Amino acid sequence: MTTVHRSAPAPVVLAGFVAVVAVVAAVGSLAATQSRAVYEGLNQPAWAPPGWLFGPVWTVLYLLIAVSGWLFWRAGGTRREFAWYAAGLVLNAAWTPLFFAAGAYTVALVEIVALDLVVAATALVFRRRSPAAAALQLPYLAWTLFATSLNAAIVVLN
């Protein structure tokens, strides 16, 4: 297995992880300019959170995701192992455009199930080298599982 290049100072690499995750967040943000109106216009289950909650939750989660990747890098993660992390970022970036911009709720549901599986696999892979990196994936997994159930309910109700 090829290890990830480690000659850069750790704070620089952390900033890189934060930047990459910020790009993922920006993709979602750009695709979700009308998300509040779309979300409020959907038939939702009684347990659906208010729209304003998503921004603060995702801000914290994105920070945890970035730090998780950085901790795994520090622990000697390989390129192959990091493929799970990268796949999760790609799937994360894809969900918001599918759901909010395209209105493809069923496709978004299939996609978020894939994201759930990838985040779970990432936590398992990260656990081998860095239990802390794996632990930081767990709030992300919990939220995506909740979002999956919300997405499924929206598919059924709409």
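The largest nonpolar core of this predicted model has 41 residues. Among its members, Phe 17, Tyr 85 and Phe 126 touch the most other members. Five helices, α1, α3, α4, α5 and α6, each supply at least two residues of this core. The biggest share comes from α3, which gives nine residues.

Take Phe 126 and look around it. Leaving aside residues up to four places away in sequence, Phe 126 touches Ser 68, Gly 69 and Phe 72, among others. Its contacts also include Glu 81, Phe 82 and Tyr 85. Pro 131, Ala 133, Ala 134 and Gln 137 are on the list too. Tyr 85 is thus named twice: it is a contact of Phe 126, and it is one of the core residues that touch the most other members.

Now follow α3 itself. This helix runs from 54 to 74. At 1.5 Å a residue, its 21 residues should span 30 Å, and the end C-alpha atoms are 30 Å apart, so the two values agree. Many of its side chains are hidden. Val 57, Trp 58, Leu 61, Tyr 62, Ile 65 and Ala 66 are among the buried residues of α3. Further along, Ser 68, Gly 69, Trp 70, Phe 72 and Trp 73 are buried as well. What do the buried residues of α3 pack against? They pack against α1, α4, α5 and α6. After the helix comes Gly 76, with a positive phi near 95°.

Next, the open space. Rolling a probe the size of a water molecule over the atoms shows where empty space is left. The largest pocket has a volume of about 740 Å³. Its lining holds 31 residues. Nearest its centre lie Phe 54, Gly 55, Trp 58, Tyr 62 and Thr 96. Trp 58 and Tyr 62 are also on the list of buried residues in α3. Each of the helices α1, α2, α3, α4, α5 and α6 supplies at least two lining residues. Here too α3 gives the most, with seven residues. By class, the lining has 20 nonpolar, ten polar and one charged residues.

The second largest pocket holds about 210 Å³ of space. Ten residues line it, and Gly 16, Phe 17, Val 20, Phe 82 and Tyr 85 are the closest to its centre. Two elements, α1 and α4, give two or more residues to this lining. Nine of the lining residues are nonpolar, one is polar and none is charged. Phe 17 and Tyr 85 bring the tour back to the core, where they are among the residues that touch the most other members.

Definitions and conventions. Residues numbered from 1 in each chain as written. Predicted model: local features only at pLDDT ≥ 70, side-chain atom pairs only at ≥ 80, totals over all residues. Heavy atoms only, no water. 1 Å grid on protein atoms, 1.4 Å probe; cavity = no way out; pocket = protein on both sides within 12 Å on 5 of 7 lines; lining within 4 Å. Points joined across faces, edges and corners; volume = space filled by probe spheres on them. Helix = DSSP H or I, 4+ residues; strand = E, 2+ residues; numbered from the N terminus. Nonpolar A, V, L, I, M, F, W, Y, C, P; charged D, E, K, R; others polar. Expected span 1.5 Å × (residues − 1). Buried < 20%, exposed > 50% of the residue type's maximum accessible area, 1.4 Å probe, protein only. Contact = heavy atoms within 4.5 Å. Core = buried A, V, L, I, M, F, W, Y, C linked by side-chain atoms within 4.5 Å.
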